[in-house]
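User: I would like to go through this protein step by step, with short questions and reasoned answers. Please show it before we begin.

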Amino acid sequence: MKKLYILAVTAVLFAATGTAQVKSRNLIVYFSLYGNQTAGTKTDVDSGASRIMYDGKIAGNTEAVARMIQKDAGGDLFAIKMQKPYASAYNDVVSEGKKEKNEGKYLPVVSKINNIEQYDTIFVGFPTWWYDMPMALYTFFGENDLSGKKIIPFCTSGGSGFLKTIDAIQKSAPGAVVEKDGLHVHYKRVAGAQKDVSAWLRKIGVQKQSD
């Protein structure tokens, strides 16, 4: 049975060094704005739309979907954490994201995966920004050799969906097999998305794996 990678944010896998520790055969890696802003929970209304209450705790939208995937598929969660967090105001985040995209530069991250060879399939999760993945995702792909692995994308957005990001993932990981049938969740539907997540996983043939 193949192993799974899922991109998402959680502290479960982080030691003090920010290194993932193998706890199961599945990996879930994700990037979420929540956890990558300077002011924690004290943000403006627009930034607040990127997070929800999930299992009694505040979570970013993409993080929450990643945890839903974990519930059905099992596995480890891994958060992409930036070295320099974004501003607390949403308009500032939008401007920063646009500038990063235009410059096309890798962004330094503090979260590292030193045991990526232990996994075979990766779920990659992110919010769609400026018709693309956040640049931190490109850093992840640039720092990790995913040749021969299966990548399964999922994203959250206000309605834009994947656009060309699945093709961008394939170009960033040319030696990997990328699932074309990814999951998009509108940010207003994240709280009730568990059924959609479960149905999608069944559709693409993913079954829960035991540790």
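Analyst: What follows is a set of questions and answers on a predicted model.

User: Which residues touch the most other members of the largest nonpolar core?

Analyst: In soluble globular proteins, nonpolar side chains tend to be buried together. The largest such core here has 35 residues. The members that touch the most others are F141, L146 and I151.

User: Which element gives the most residues to that core?

Analyst: At least two residues of this core come from each of β2, β6, α4, β7 and α5. The biggest contribution is six residues. The element that supplies them is α4.

User: Which residues does L146 touch, leaving out those up to four places away in sequence?

Analyst: Contact here means heavy atoms within 4.5 Å. With residues up to four places away in sequence left aside, the list for L146 includes F141 and I151. The full list is I116, I122, F140, F141, I151, A173, G175 and A176.

User: Is A173 buried or exposed?

Analyst: A173 sits in the loop between α5 and β8. Not counting residues up to four places away in sequence, A173 touches F141, L146 and I151. Its relative accessibility is 6%, and the limit for a buried residue is under 20%. A173 is therefore buried.

User: How many Å separate the C-alpha atoms of A173 and G148?

Analyst: A173 and G148 are 25 residues apart along the chain. The separation of their C-alpha atoms is 9.5 Å.

User: Which backbone oxygen does the side chain of T165 reach?

Analyst: T165 is placed in helix α5, which covers residues 165–172. With a relative accessibility of 0%, T165 counts as buried. Its side chain comes to 2.7 Å from a backbone oxygen, and that oxygen belongs to F162.

User: Which residues does T165 touch, not counting those up to four places away in sequence?

Analyst: Residues up to four places away in sequence, such as F162, are set aside in this list. The contacts of T165 are then F126, Y131, D132 and M133.

User: What is the distance between the closest N and O atoms of K101 and D132?

Analyst: K101 and D132 form a salt bridge. The pair links distant parts of the chain, with K101 in helix α3 and D132 in the loop between β6 and α4, 31 residues apart. K101 is partly exposed because its relative accessible area is 34%, whereas D132 is buried because its value is 11%. The closest N and O atoms of K101 and D132 are 3.4 Å apart.

User: How many salt bridges does a search of the whole structure find?

Analyst: Side chains of opposite charge can pair when their charged atoms come close. A salt bridge is counted when a side-chain nitrogen of Lys or Arg is within 4 Å of a carboxyl oxygen of Asp or Glu. Over the whole structure, the number found is seven.

User: Which residue forms a salt bridge with K71?

Analyst: The closest N and O atoms of the pair are 3.6 Å apart. K71 is in helix α2, and its partner is in the loop between β3 and β4, 16 residues apart. K71 counts as partly exposed at 44% relative accessibility, while the partner is exposed at 58%. That partner is D55.

User: What distance lies between the end C-alpha atoms of α2?

Analyst: Helix α2 runs over residues 61–73, which makes 13 residues. At 1.5 Å a residue, the helix should span 18 Å. The model agrees, since the end C-alpha atoms are apart by 18 Å.

User: Which residue follows α2?

Analyst: Several residues of α2 are buried, among them A64, V65 and A73. The residue after the helix has a positive phi, near 75°. That residue is G74.

User: Which residues of β9 point to one face and are buried?

Analyst: Side chains alternate along strand β9, residues 183–186. H184 and H186 point to the other face and are not buried. The buried ones are L183 and V185.

User: What is the bridge partner of T156 in β9?

Analyst: β7 and β9 pair in the parallel sense over four bridges. The partner of T156 in β9 is V185.

Methods: Residues numbered from 1 in each chain as written. Predicted model: local features only at pLDDT ≥ 70, side-chain atom pairs only at ≥ 80, totals over all residues. Heavy atoms only, no water. Buried < 20%, exposed > 50% of the residue type's maximum accessible area, 1.4 Å probe, protein only. Polar contact = N/O pair within 3.5 Å; in protein donor to acceptor, adjacent residues only side chain to side chain. Expected span 1.5 Å × (residues − 1). Core = buried A, V, L, I, M, F, W, Y, C linked by side-chain atoms within 4.5 Å. Pairing = 2+ DSSP bridges.
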